[in-house]
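Q: I am new to this structure. Please pick one part, look at it closely, and tell me what surrounds it.

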Amino acid sequence: PSHVDIAHSLNLMAILLEQQRRFDEAEAMYRRALAMREELLGPSHVDIAHSLNLMAILLEQQRRFDEAEAMYRRALAMREELLGP
């Protein structure tokens, strides 16, 4: 099932896993939440930008800097598009 509240719960679970340094599990949850939000909200929405930022933080903690930067840039571009520069 897909619903924005489920995506939100997935993000909360991912945050908990991240705090426990269970990075692989956290990443899987973040990716599920992101995919669900994109499916439900379309390609560009502030909630999707938020998911991208959460994923970027996780990647940054793992020193996966190139991937983190790509996520941050995508989130920033989306927010600028939606909210203005």
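A: Helices here are DSSP runs of H or I with at least four residues, numbered from the N terminus. That numbering gives us our part, helix α2, which spans residues 23–41. One caution comes early: this is a predicted model.

Start inside the helix, at A33. This residue sits in α2. Is A33 buried or exposed? A33 has a relative accessible area of 0%, and buried means under 20%, so A33 counts as buried. Its contacts show what lies around it. Leaving out residues up to four places away in sequence, A33 touches A7, L10 and N11. A7 and L10 fall within the range of α1, residues 4–19. D5 gives another view of this side. A33 and D5 are 28 residues apart in sequence, but their C-alpha atoms are 9.8 Å apart in space.

Now move to Y30. Which residues does Y30 touch, beyond those up to four places away in sequence? They are N11, A14, I15, E18, L54, M55 and L58. N11 is thus a contact of Y30 and also a contact of A33. Y30 also has a place in a wider group. The largest nonpolar core has 18 residues, and Y30, L52 and M71 touch the most other members. The elements giving two or more residues to this core are α1 (4–19), α2, α3 (46–61) and α4 (65–83). The largest share comes from α3, with 8 residues. A general tendency fits here: in soluble globular proteins, nonpolar side chains tend to be buried together.

Next come the charged side chains. Side chains of opposite charge can pair when their charged atoms come close. The whole structure holds 6 salt bridges. One of them joins E27 and R31, with N and O 2.9 Å apart. Both residues lie in α2, 4 residues apart, which is about one turn of the helix. Their exposure differs in class. E27 is buried, at 11% relative accessible area. R31 is partly exposed, at 36%.

This pair belongs to something wider. E27, R31, R64 and E67 are linked in a network of salt bridges. Within it, R64 bridges to E67, the closest N and O atoms being 2.9 Å apart. R64 is partly exposed at 23%. E67 is partly exposed too, with a relative accessible area of 36%.

Another bridge sits at the start of our helix. The side chains of E25 and R22 meet at 2.9 Å, N to O. E25 has a relative accessible area of 40%, so E25 is partly exposed. R22 is partly exposed as well, at 35%.

Just before the helix is R21, in the loop between α1 and α2. What is unusual about its backbone, given that R21 is not a glycine? R21 has a positive phi of about 65°. Most residues other than glycine have a negative phi. R21 is exposed, with a relative accessible area of 58%.

A matching case lies further along the chain. R63 also has a positive phi of about 65° and is not a glycine. R63 is placed in the loop between α3 and α4. At 63% relative accessible area, R63 is exposed.

Finally, look at the surface beyond our helix. V46 lies in helix α3. V46 is partly exposed, at 33%. Together, V46, L82 and L83 make a nonpolar surface patch of about 250 Å².

Notes
Residues numbered from 1 in each chain as written. Predicted model: local features only at pLDDT ≥ 70, side-chain atom pairs only at ≥ 80, totals over all residues. Heavy atoms only, no water. Buried < 20%, exposed > 50% of the residue type's maximum accessible area, 1.4 Å probe, protein only. Contact = heavy atoms within 4.5 Å. Core = buried A, V, L, I, M, F, W, Y, C linked by side-chain atoms within 4.5 Å. Salt bridge = Lys/Arg side-chain N within 4 Å of Asp/Glu carboxyl O. Patch = residues over 30% accessible without salt bridge, like charges linked within 9 Å, V, L, I, M, F, W, Y side chains within 5 Å. Areas by Shrake-Rupley, 256 points an atom, 1.4 Å probe, with all protein chains shown as cover.
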